[in-house]
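Hi,

Here is the structure I said I would pass on. Have a look at it first, and my notes follow below.

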Amino acid sequence: MAAQGLRVLAFARAEHDDDAVEHREVGGGLTFLGLQAMIDPPRPEAARAIAACYKAGISVKMITGDHPVTALAIAKQLNMRHTERVISGADLQHYSEADYRKHVKDCDVFARIAPEQKLQLVQALQANGHVVAMTGDGVNDAPALRQANIGVAMGMGGTEVAKEAAAMVLTDDHFATIEAAVEEGRGVFDNLVKFIAWTLPTNLGEGLVITAAVFANVALPITPLQILWINMTTAVLLGLMLAFEPKEPGLMLHKPRNPKQAILTKRLMFRICLVGLLLLAGAFGLFEWELSQNATLAKARTVAVNVFVFGELFYLFNCRSLNYSMFRVGVFSNLWLIFGVVSMILLQLLFTYWPTMQALFGSEAIGREEWLLILGVSSVIYVAIGLEKLVVRRFNRRR
């Protein structure tokens with residue numbers, strides 16, 4: 001019955017005249033009555049969630065107080081890995097520290113585990129360099145829930161002690177919710193990195209343009225007020241829209257990120273420098289070109305400001321995915337981003353052509369030729385980052 005995943009109880013009886021029964025009185029002389037078995041079948045979504053965790057590079061370990069045979073049967077029903085063996089709490093007591101960490105790494109099913117051993121298992125996994133999420137619902141699970149990197153308590157069947165010790169409470173008690181939470185967390189982190197990768201080149205480009213103008217001893221291509229306009233409008237209408245970017249396809253196929261890894265990787269630093277230099281070359285180059293064509297300083301600055309705004313706008317579509325083109329994630333999958341882009345274009349047209357804005361920001365109307373140059377520079381930025389993604393993908397495939 002245990003091999004079928006059942007929890008088996010044995011029943012026996014004895015007759016006593018006293019109301020109170022002591023241990024010595026049931027040490028023998030009992031009449032065996034029979035066996036009673038029950039099952040708490042694993043939910044179908046649990047098996048799917050475990051499979052998704054494996055694809056995401058997440059190890060799943062079962063720690064239970066049930067009989068080893070029962071635990072192993074349930075683990076096989078869930079299609080867990082490493083179900084060729086099970087380690088009991090009695091076995092763990094005889095392992096040395098080195099053997100303990102090794103067996104904890106190689107085995108995924110632990111049965112007849114005492115409460116204090118759950119804590120030891122969490123500590124052993126952490127000693128092996130793992131980030132541990134521990135689930136539990138009882139009072140005895142509280143120390144392990146507190147020790148884990150993130151303790152997850154059951155909201156419906158869990159005790160108040162477990163909920164207080166945990167960092168997160170599942171309101172539906174489904175293991176699949178944990179997998180969904182991991183996916184959601186990865187999506188949020190991805191969008192955060194996308195925003196950082198988008199916003200830093202702008203600040204770098206603005207700083208480089210000002211620095212270049214100072215060293216060249218020429219007029220500033222953009223004024224402080226115009227810089228404020230760029231930063232305030234683009235951050236809200238363009239950068240903020242990346243927060244609404246839907247999760248990328250295949251997000252749960254990526255390996256877990258090393259928590260010690262910096263957000264700004266070498267690849268992102270290269271991309272930030274590349275876009276910053278392209279913005280510098282485009283804005284400063286067109287600014288000087290306009291002046292060489294006897295354009296006014298206000299007109300040349302208007303061109304430089306538009307290079308920054310539309311360069312960021314085109315680069316925004318690159319940042320919708322750090323690895324793929326916007327066509328892979330869907331051009332219209334983020335309607336908020338489309339709204340932000342359209343709003344930014346309208347505001348920039350007002351900045352360029354509305355007399356009130358011209359008087360406020362020192363801008364001036366520009367012609368078709370200037371717009372073609374601005375869009376050309378912006379397209380170069382989009383194509384350059386697109387080629388960088390392509391090269392990185394091919395390099396990763398070969399490796």
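Let me start with a loop: the one between α2 and β4 is where you'll find His82. Bear in mind throughout that this is a predicted model. What caught my eye at His82 is the backbone, since this residue has a positive phi of about 55° and yet is not a glycine. As background, most residues other than glycine have a negative phi. His82 comes out as partly exposed, because its relative accessibility is 37% and that class covers the range between 20% and 50%.

There is a second case like this. Asn217 sits in the loop that links α8 and α9, and its phi is positive too, near 60°, again in a residue that isn't glycine. Is Asn217 buried or exposed? With 71% relative accessibility it counts as exposed, the cut-off for that being over 50%.

Now the sheets. One is an open sheet of three strands, ordered β3-β5-β4, and its pairing is parallel. Its edges are β3 (62–63) and β4 (87–88), each of which pairs on one side only. Between β3 and β5 (residues 109–111) there are two bridges, in the parallel sense. If you want a spot to click on, go to Met62, which stands opposite Val109 in β5. Helix α2 (residues 68–77) lies across β3, β4 and β5, and runs at about 150° to β5.

Another open sheet, also with three strands and parallel pairing, has the order β6-β7-β8. Here the edge positions go to β6 (133–136) and β8 (168–170); each has a single partner strand, so one side of each has no neighbour in the sheet. On average, neighbouring strands in this sheet are turned by 25° against each other, ignoring direction. Strand β7 (residues 150–154) pairs with β8 over three bridges, in the parallel sense, and Ala153 is opposite Val169 in β8.

On to the helices, where α11 (residues 297–318) is the one to find on your screen. Which way does α8 run relative to α11? The axes of α8 (residues 175–216) and α11 come within 10 Å and cross at roughly 155°. Angles over 145 degrees count as roughly antiparallel, so that is how α8 and α11 are arranged. The crossing is right-handed. On the α8 side, the residues in contact are Ala197, Trp198, Pro201, Thr202, Gly205, Glu206 and Val209, and they meet Phe308, Glu312, Tyr315 and Leu316 in α11. Sorted by class, this contact has seven nonpolar, two polar and two charged residues.

Then there is α9 (residues 224–237), whose axis comes within 11 Å of that of α11, with a crossing angle of roughly 20°. That makes the two helices roughly parallel, because the limit for that label is under 35 degrees. This crossing is right-handed as well. Gln226, Trp229, Ile230 and Thr234 are what α9 brings to the contact, and they meet Arg301, Val305, Phe308, Val309 and Glu312 in α11. The class count here is five nonpolar, two polar and two charged residues.

One last thing to look at while you have α11 up: Phe308 and Glu312 meet residues of α8, and Phe308 and Glu312 also meet residues of α9.

Cheers

Methods:
Residues are numbered from 1 along each chain as its sequence is written. This is a predicted model: local features need pLDDT of at least 70, side-chain atom pairs count only at pLDDT 80 or more; totals for chains, interfaces and linings use all residues. Side-chain values use heavy atoms; hydrogens and water are left out. Two strands pair if DSSP finds at least two bridges between them. Helices (H or I, at least four residues) and strands (E, at least two) are DSSP runs, numbered from the N terminus. Contact means heavy atoms within 4.5 Å. Axes are lines fitted to C-alpha atoms, for helices over the stretch in contact, and angles run from 0 to 180 degrees between N-to-C directions. Angles under 35 degrees count as roughly parallel, over 145 as roughly antiparallel, 65 to 115 as roughly perpendicular and the rest as oblique. A crossing is left-handed if the near helix is turned anticlockwise from the far one by less than a right angle, and right-handed if clockwise. Ala, Val, Leu, Ile, Met, Phe, Trp, Tyr, Cys and Pro count as nonpolar, Asp, Glu, Lys and Arg as charged, and the others, Gly among them, as polar. Buried means under 20% relative accessible area, exposed over 50%, partly exposed in between (1.4 Å probe, protein chains only).
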